[in-house]
Amino acid sequence: MRVLVAEDERMLADSIAEGLRGEALAVDVAYDGDGALERLGVHDYDVLILDRDLPLVHGDEVCRTVVEHGWPVRVLMLTAAGDVRSRVSGLSLGADDYLPKPFAFEELVARVHALARRARRADPPMLERAGVRLDWAHRQVFRDGRYVPLARKEFGVLAELLRAQGAVVSAEALLEKVWDEHIDPFTNTVRTTMMKLRKKLGEPQVIETVPGSGYRIP
């Protein structure tokens, strides 16, 4: 899952981003509305966490632009105003959900996951294929009943491969969904992560390389 945090309070924005990365999500940050629109025009995000009072381009205008362009991202609007009128106003702009400040981080995470499920076909609580079982709720992976401890990016890569249900997933698609915008698109990060993931999953190998196309779990 890829998330964009658009929040002008830098400490809050960075704190949200770091917390979501701890949930194995790929997270980008914009500190103003102009930066948010620039990133939305380039990347496919599942969820946009949008502060309503952004500088340069107001959060309301960012939300309107998302709706006008038909971008499939789900919008979670944040604001210091928590009265009913403000919530109704934010939702009427096209926001999918509304969270007043201050908020509990656990609630933010739950709302982000709920919106992501609405943005695409909901994943089952367990993803299973070729003897590999991924437990979303507990962030655990098992291979033929054996627990496999994975780093966050390894978990994210495996989740994308299992979600594809046997289809090929390109390295570019993995970079888009598992890493954030700071990753070098010409890096060998995907290959390195794949090597570590294969080693941890053990023999016989379950991840197949499709030359010139990507990877899959057949």
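# A predicted chain with two open sheets

In this predicted model, strands β6 and β7 form a hairpin with two residues between them, and A130, which sits in the turn, has a positive phi of about 55°. The chain as a whole holds eight helices and eleven strands, and buried residues make up 45% of its 218 residues. Among the contacts in the chain between residues at least 6 apart in sequence, 58% join residues that are at least 24 apart. The points below begin with the sheet that contains the hairpin, move on to the helices and the core, and end with the other sheet and two residues of helix α3.

**The four-stranded sheet**

- The hairpin strands belong to an open sheet of four strands, whose order is β6-β7-β8-β9 and whose pairing is antiparallel.
- The edges of this sheet are taken by β6 (126–129) and β9 (146–147), each of which pairs on one side only.
- Between β6 and β7 there are four bridges in the antiparallel sense, and M126 stands opposite D135 in β7.
- Strand β7 also pairs with strand β8 (residues 140–143), again in the antiparallel sense and over four bridges, and here V132 has R143 in β8 as its bridge partner.
- When such strands are read residue by residue, it helps to know that in a regular strand the side chains alternate between the two faces of the sheet.

**Helix α6 and its packing**

- Helix α6 lies across β6, β7 and β8, and its direction makes an angle of about 115° with β7.
- Two packed helices are described by the angle between their axes and the distance between the axes.
- For α6 and α8 that angle is about 85°, and the axes are 10 Å apart.
- Because angles of 65 to 115 degrees count as roughly perpendicular, α6 and α8 are therefore described as roughly perpendicular to each other.
- On the α6 side, the residues that meet α8 are K153, E154, V157, L158 and L161, while α8 contributes T193, M194, K196, L197, K200 and L201.
- The residues of this contact divide into six nonpolar, one polar and four charged.

**The largest nonpolar core**

- The largest nonpolar core has 24 residues, and within it L158, M194 and I207 touch the most other members.
- At least two residues of this core come from each of β7 (132–135), α6 (152–163), α7 (171–178) and α8 (189–201), and the largest share, six residues, is supplied by α6.
- Which residues does I207 touch, if those up to four places away in sequence are not counted? I207 touches L161, M194, L197, R198, L201, Y215, R216 and I217.
- Two of the core residues named above, L158 and M194, also take part in the meeting of α6 with α8, L158 from α6 and M194 from α8.

**The five-stranded sheet**

- Another open sheet has five strands in the order β2-β1-β3-β4-β5, and its pairing is parallel.
- At the edges stand β2 (26–30) and β5 (97–100), and each has a single partner strand, so one side of each is left without a neighbour in the sheet.
- Neighbouring strands of this sheet are turned against each other by 20° on average, with direction ignored.
- Strand β1 (residues 2–6) and strand β3 (residues 47–51) run parallel and are joined by four bridges, and L4 stands opposite L48 in β3.
- Helix α1 (residues 10–21) lies across β1, β2, β3 and β4 (74–79), and runs at about 170° to β2.

**Two residues of helix α3**

- T65 lies in helix α3 (residues 59–69), and V66 lies in helix α3 as well.
- Is T65 buried or exposed? T65 counts as buried because its relative accessibility is 11%, and the cut-off for buried is under 20%.
- Leaving aside neighbours within four places in sequence, T65 is in contact with L37 and W71.
- V66 has a relative accessible area of 4% and is therefore buried.
- Not counting residues up to four places away in sequence, V66 touches L40, L48, W71, V73 and V75.
- V66 and L37 are 29 residues apart along the chain, and their C-alpha atoms are separated by 8.4 Å.

Notes: Residues are numbered from 1 along each chain as its sequence is written. This is a predicted model: local features need pLDDT of at least 70, side-chain atom pairs count only at pLDDT 80 or more; totals for chains, interfaces and linings use all residues. Side-chain values use heavy atoms; hydrogens and water are left out. A nonpolar core is a set of buried Ala, Val, Leu, Ile, Met, Phe, Trp, Tyr and Cys residues joined through side-chain atoms within 4.5 Å. Buried means under 20% relative accessible area, exposed over 50%, partly exposed in between (1.4 Å probe, protein chains only). Contact means heavy atoms within 4.5 Å. Two strands pair if DSSP finds at least two bridges between them. Axes are lines fitted to C-alpha atoms, for helices over the stretch in contact, and angles run from 0 to 180 degrees between N-to-C directions. Angles under 35 degrees count as roughly parallel, over 145 as roughly antiparallel, 65 to 115 as roughly perpendicular and the rest as oblique. Ala, Val, Leu, Ile, Met, Phe, Trp, Tyr, Cys and Pro count as nonpolar, Asp, Glu, Lys and Arg as charged, and the others, Gly among them, as polar.
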